[in-house]
Amino acid sequence: MPETLDVSQLYEVGNRKFFAAELNSDGTFGDKTYHEGLIEVKLDFSQEITDIPADDIPDFISLASAVTGEGTVKFAVLPYSVYSKFFNVKEDRNGAVVVSGKGEKPKQVAFGFYSMVGDGSESMFTIYKASFSLPSLSTVSFDGKTIRDLTLNVKISPYAYTDALGKEQQATYTIINSKTNSDIWASVQDEIYIPDCEV
């Protein structure tokens, strides 16, 4: 039996502690705020691989595009305060929330969530550059078991950052584990973690 347990081989259960922060135009992030009511996260990631043949070797050179993603995030509740973080909405002079967004670039945010690992540790997933679509307005008469479906479609792009050597890199998401990364775990809870940053 190995001395250290590889948490990547263990099962994960549940999701909770959803968080989000606005991505500013200069690449920095706004305040990281937590929101209750997360039900489900379904994200699919893809990367295009192009093989260039030479010397009778089919993949003499392999080129890979950036990792992108899309999927859905489902909530039991979505407070109006979250709408202004995810979408181009505003309040009119009477305090009513106005959804429009015509001609405006969709807001970009970082978001993430936590899951429990089979060894009792916790993993924090952070997705860096995402644009959400408004949930559908689909409701039913209350029957004691059905609530409004608050499912948001999301598209994910890579985020540019500078690594410890001063080289520009891209990240789509990161995973930090409370046991594997115990030396930085407490320090990365209050703000969006940027790869290679000083903590």
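# Exercises on a predicted model

In this predicted model, Ala160 has Gln170 of strand E13 as its bridge partner. The exercises below begin from that pairing.

## Exercise 1. The hairpin of E12 and E13

Determine how strands E12 and E13 run and which residue between them takes a positive phi.

*Solution.*
Step 1. Locate the strands: E12 covers residues 159-162 and E13 covers residues 168-171.
Step 2. Establish the pairing. Four bridges join the two strands, which run antiparallel; the pair of Ala160 and Gln170 is a bridge between them.
Step 3. Examine the connection. Five residues lie between the strands of this hairpin, and Gly166 takes a positive phi near 85 degrees.

## Exercise 2. The surroundings of Asn177

Decide whether Asn177 is buried or exposed, and identify the polar partners of its side chain.

*Solution.*
Step 1. Place the residue: Asn177 belongs to strand E14, residues 173-177.
Step 2. Apply the cut-off. Buried means under 20% relative accessible area; Asn177 has 3%, so it is buried.
Step 3. Find the side-chain partner. The side chains of Asn177 and Ser123 are joined by a polar contact of 3.1 Å.
Step 4. Find the backbone partner. A polar atom of the Asn177 side chain lies 2.9 Å from the backbone nitrogen of Thr180.

## Exercise 3. Salt bridges across the sequence

State how many salt bridges the whole structure contains, and describe the parts of the chain that they join.

*Solution.*
Step 1. Count: a search of the whole structure finds four salt bridges.
Step 2. Consider Arg16 and Glu122, whose side chains meet in a salt bridge with an N to O distance of 2.4 Å. Arg16 is in strand E1 (residues 12-22) and Glu122 in strand E10 (residues 122-132), so this pair ties together parts that are 106 residues apart in sequence. Arg16 is partly exposed at 36% relative accessible area, whereas Glu122, at 12%, counts as buried. Arg16, Lys17 and Glu122 are linked in a network of salt bridges.
Step 3. Consider Lys107 and Glu22, which form a salt bridge with their closest N and O atoms 3.9 Å apart. Lys107 lies in the loop between strand E8 (97-99) and strand E9 (109-117), and Glu22 lies in strand E1, so the pair ties together parts 85 residues apart in sequence. Lys107 is partly exposed at 23% relative accessibility; Glu22 is partly exposed at 31%.
Step 4. Consider Lys179 and Asp119, whose side chains meet in a salt bridge at 3.5 Å, N to O. This pair links distant parts of the chain, 60 residues apart: Lys179 is in the loop between E14 and helix H2 (182-185), and Asp119 is in the loop between E9 and E10. Lys179 counts as partly exposed at 48% relative accessibility.

## Exercise 4. A nonpolar surface patch

Identify the residues of the nonpolar patch on the surface and the strand that supplies its largest share.

*Solution.*
Step 1. List the members: Ile52, Ile57, Phe60, Ile61 and Leu63, with about 420 Å² of accessible area together.
Step 2. Assign the source. Strand E5 (residues 57-64) contributes four residues, the largest share.
Step 3. Inspect one member. Leu63 lies in strand E5 and is partly exposed, with a relative accessible area of 46%.

## Exercise 5. The protein as a whole

Summarise the secondary structure, burial and contacts of the protein.

*Solution.*
Step 1. The protein has two helices and 14 strands.
Step 2. Of its 199 residues, 33% count as buried.
Step 3. About 12900 Å² is exposed, and carbon and sulfur atoms supply 49% of this area.
Step 4. Among contacts between residues at least 6 apart in sequence, 60% join residues at least 24 apart.

How values were computed
Residues are numbered from 1 along each chain as its sequence is written. This is a predicted model: local features need pLDDT of at least 70, side-chain atom pairs count only at pLDDT 80 or more; totals for chains, interfaces and linings use all residues. Side-chain values use heavy atoms; hydrogens and water are left out. Buried means under 20% relative accessible area, exposed over 50%, partly exposed in between (1.4 Å probe, protein chains only). A polar contact is a pair of N or O atoms within 3.5 Å; within protein, one must be able to donate a hydrogen and the other to accept it, and residues adjacent in sequence count only if both atoms are side-chain atoms. Two strands pair if DSSP finds at least two bridges between them. Patches are made of residues with over 30% relative accessible area and no salt bridge: like charges are joined within 9 Å, nonpolar side chains (Val, Leu, Ile, Met, Phe, Trp, Tyr) within 5 Å. Accessible areas come from the Shrake-Rupley method with a 1.4 Å probe; for residues, only the protein chains shown count as cover. Contact means heavy atoms within 4.5 Å.
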